[in-house]
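Thank you for sending this structure for comment. Please keep the sequence and the 3D view open side by side while you read my notes.

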Amino acid sequence: MVLSIDSAIALLTLTAMEVVLGIDNLIFISVLSAKAPFALQKRIRVAGMALALVFRLGLLFSIGWVMSLKDPWVELVGKSFSGRDTILILGGLFLIFKATFELHEKVEGGENAKTEAKATPTKPLTLFLQIIALDLVFSLDSVITAVGMANEIWIMVAAMVISVVAMLFFAGRVHSLIHKHPTLVVLALAFLLMIGTTLVIEGMGAHVSKGYLYFSMAFSLGVEALNIRRRKKMSD
């Protein structure tokens, strides 16, 4: 196996794309892991990202089946839906429901909800089941992106492994940052709500440019960073 210039460019580009696609997964895992007992939070984050890699590689080596998911599978109200569309819609609806529930708890729950959440952490098994469901949805998009950007299987595998290792490296920092500032938790949940809506729209057959999605996320994070800096100066 010789790493040519074209292969190197393909590997770097695909790795960058996989990291970008993994941000959604990382945010979701960070928010969910915070509901577990503190001693288990890091293990859940690591296990969640490890499962994401396993699902990605598993789907990648089942590439024939993955690509067949684009074929019409069921027809409703005069519109055909493929297996991929169905997975995206169901995953998006689950993400919308989960993000809405969490937002309601954070915004309307008040101090009583916070105290109750701390007293009765969510069971690790429940969190794992939720993480597995969304890992599967995000893995599908990741694999389809890889197939569309590279021709050699080893490039796809290397890009996925490198991107997940990078996500694991930054997972702790992202987790601590999100939960150190309560407003970032609400912002992260809003991102999940937006991502879920995007998945449903794409499952319905409309294309949503990822550029718009990530620009809005970056802009919102920039505004919130300014607010955090302002609050820090006022408290000094």
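The numbered points below go from the overall build to the strands and then to the confidence of the model.

1. What you have here is a predicted model, and the protein in it contains nine helices and two strands. If you follow the chain along the sequence, these elements come in the pattern α-α-α-β-β-α-α-α-α-α-α.

2. Of the 236 residues of the protein, 40% count as buried, while the accessible surface comes to about 13100 Å², with 70% of that area belonging to carbon and sulfur atoms. Among the contacts with a separation of 6 or more, 80% are made by residues 24 or more positions apart.

3. The two strands deserve a careful look, since strand 1 (residues 72–76) pairs with strand 2 (residues 79–82) in the antiparallel sense, over four bridges. Within this pair, valine 74 of strand 1 stands opposite phenylalanine 81 in strand 2. The hairpin has two residues between the strands, and valine 77 takes a positive phi near 50° there.

4. Please consider the confidence before you describe any detail: the mean pLDDT of the protein is 76, and 84% of its residues reach 70 or more. Among the elements, helix 2 (residues 38–60) has the highest mean pLDDT, 82, whereas helix 5 (residues 110–119) has the lowest, 48.

5. Over residues 111–117 the pLDDT stays under 50, and for this stretch the model has one contact beyond four places in sequence. Where pLDDT is low, the predicted coordinates should not be read in detail.

Conventions: Residues are numbered from 1 along each chain as its sequence is written. This is a predicted model: local features need pLDDT of at least 70, side-chain atom pairs count only at pLDDT 80 or more; totals for chains, interfaces and linings use all residues. Side-chain values use heavy atoms; hydrogens and water are left out. Buried means under 20% relative accessible area, exposed over 50%, partly exposed in between (1.4 Å probe, protein chains only). Contact means heavy atoms within 4.5 Å. Accessible areas come from the Shrake-Rupley method with a 1.4 Å probe; for residues, only the protein chains shown count as cover. Two strands pair if DSSP finds at least two bridges between them. pLDDT is the predictor's confidence in each residue, from 0 to 100.
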